[in-house]
Amino acid sequence: MAKGNASSLLHTLTLIANQISHTSSSTFKPLFKNQCSDLARRIMFLSPLFHELLDLGVNDIPHDVVSSLVSLQQALLNATELLHLGCHGSQLYMILEREQIKCKFIDLAVCFEQALSKISFDKLDISEEVKEQVALVTAQFRRAKEHFDPPGLQLYELLLSIFNQSHDLNTESAELHVVCEKLHITNVKDIKHESLALHKMVADTGGHLEKSTQKMLVLLKKIEDFLLTESVNFFVLPSEDSPPNTDEMYTKLCTQSLVIPDEFRCPISLELMKDPVIICTGQTYERACIKKWLEAGHGTCPKTRQVLSSSFLIPNHGLYSLISNWCEANGVELPKRMGNLRLCKATSDGSSESLDLDTLMSKLTSIDIEDQRFAAGELRLLAKHNGQNRILIAEAGAIPLLVDLLHASDAGTQEQAVTALLNLSINEDNKERIMASEAVLGILNVLKNGSMQARENAAATFFSLSVVDRNKVAIGASGAIQALVTLFCEGSQRGKVDAGTALFNLCLYQGNKGRAINAGIVPKLVEMLTKPGGEMRDEALAIMAALVSHPDGKAAIGSMNVVPTLVELISCGSSTNKENATSVLVHLCTNPHHLSNVSSFGVINPLLDLAKNGSEQGKRKAAQLLELIGTHKPL
């Protein structure tokens, strides 16, 4: 395969893998949800492999590896089709054709396992972390093809039973109840979606499902008739898992024959929500209902059946505002939420004052930019030194609202919002909340376009979030590396420090090193390293030590006259600088020219001292460089 085609292949693999990785598991239909989620997750773990191969360059990829990548491309395209079916396909089709879909999943697992097994990783200069990750995914695909049991057998038999019965709702109601519950079909609107999905699938197959289609249409009609004859309370969860139906406002609404919009109803009680909260799956429930569900020991989302990764409840202020407006327009008593929280803020004179959190939250959603800026600024101060405030502010749902303000047209509002997020991110759980709120692009917007202080704080926020390893991948893929390099080169002194710290942390992930090198950071690192005064020397040397393990980094650093400075730092630098300078030289001295230069600079005694008195890493690096020098033959 030509180099251009190989490069195009890698870009295609990266693009498809990234698209699949960003598919939310909540979008998959219930029946094959677990299988689709597992497939998407495994492909997400392959994404770093494609990124590193792109950074490596097509010239360094053997022909047999490229051949395996062609097979992987076909597997990814097939996976895209299967996942699209899992998101948008007809659920009735998936049940009745469950064996056929099972074969598709097994065939796909075989394709992935064979393609990955043929890659000779010993021929590729990629990180051990990625190799281990790919080995794990390969083993998972191998197990998947051997132990795939298609779900829905009970539903399959139930649907066949319903289809074969006469059109008698009294005899079918129990079975239809189970079907609707399992498929999450609660109203005629869901029936419409299912019908549209079915007809689209028939069109896509050129009308080759005539017999199955007729069967599915009959079943759809039976389900629709069943829903129309049942009361609205039919789908309320059993009494032991649901709060009692005593809401006076809902009774009043029913008496007045008002039609409550579906999105205003709690999926558990089907009543108008008065305190809507969001759980970690992104679904919204009435606070009292979901709390009772969780307190009963359930660890899944009632609507999607996803396993909950946390029990955080985030107030849905936007939906509450819409419900309030709807109530006011229809002459209904406004819903009242839980009592307001008051947080303590230290003042400049050493005293403290109490602020109403609910008032601040309301101001965040105001259309008045001054209210938004004020609220973001107050939350910034509340979260600055008080750990408990960070927890309460996050649990109140402030993070998604602050993320929205990162795109505000007012520079002052952007600055207050990004700094509030920086302070909130000190809490480990809040790091997860911020990433889940899709804050990366907003932070990047401030990093590129904000005031200098806002850009500094945006860089610091990226550093704080990148402490979590999986966040390094997402931040690097967003384009943040280029913006951080720009701030590192052109920013204020504090901006350079914040950007440098973030870049060092992000470049601990192999896939981000190539991005920093391509952004032109190496010449700036060398300039900072050799500049008199050495204000940024420590940061520059630490980043250089991280980048030199990348082939392009080693080439770029080696092309500049940096060896004398590195030798000088080994002799008279700080202990950290001695170790980092030695680490850089170990990589550079695989080139005989650089090794000859180092050998002529009288570095033996400083290295012997480091090998004796340095840290464990310093001793190891010094020993490696001494060994290279000892085996060197003068040119």
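Is K363 buried, partly exposed or exposed? At 24% relative accessibility, K363 counts as partly exposed, because the buried label needs a value under 20%. Keep in mind as we go that this is a predicted model.

K363 has a partner in D371: the two form a salt bridge, with 3.7 Å between the closest N and O atoms. D371 falls into the partly exposed class as well, at 25% relative accessibility.

Step along to L364 and the picture turns nonpolar. L364 belongs, with L402 and I521, to the residues that have the most contacts inside the largest nonpolar core, a set of 93 residues. Leaving aside residues up to four places away in sequence, L364 touches Q372, A375, A376 and L379, and also A398, L401, L402 and L405. There's a second core too, separate from that one, with 67 residues; I20, L116, L159 and I162 are among them. As a general backdrop, nonpolar side chains tend to be buried together in soluble globular proteins.

Back to the charged pairs. The model has eleven salt bridges in total. One of them joins R142 to E113, with the closest N and O atoms 3.2 Å apart. Here R142 sits in helix α6 (residues 128-146) while E113 sits in helix α5 (residues 98-117), so the pair ties together parts that are 29 residues apart in sequence. The two ends differ in how covered they are: E113 is buried at 10% relative accessibility, whereas R142 is partly exposed, with a relative accessible area of 33%.

Now try helix α24, residues 493-506, for a pairing within one helix. D498 and R494 meet there through their side chains in a salt bridge, 3.0 Å from N to O. Why are they about one helical turn apart? Because they are four residues apart in α24. In general, an α-helix has 3.6 residues a turn, so residues three or four places apart point the same way. D498 is the buried member, with a relative accessible area of 14%, and R494 is partly exposed at 37%. This pair isn't on its own, either: E456 joins R494 and D498 in a network of salt bridges.

A little further along comes helix α25, residues 510-518, which is mostly covered, with eight of its nine residues buried. That buried set includes charged and polar names such as Q510, N512, K513 and R515, as well as I517. After α25 comes G520, which has a positive phi, near 85 degrees. And I521 brings us back to the largest nonpolar core, where it is one of the residues with the most contacts.

Terms used. Residues numbered from 1 in each chain as written. Predicted model: local features only at pLDDT ≥ 70, side-chain atom pairs only at ≥ 80, totals over all residues. Heavy atoms only, no water. Buried < 20%, exposed > 50% of the residue type's maximum accessible area, 1.4 Å probe, protein only. Helix = DSSP H or I, 4+ residues; strand = E, 2+ residues; numbered from the N terminus. Core = buried A, V, L, I, M, F, W, Y, C linked by side-chain atoms within 4.5 Å. Contact = heavy atoms within 4.5 Å. Salt bridge = Lys/Arg side-chain N within 4 Å of Asp/Glu carboxyl O.
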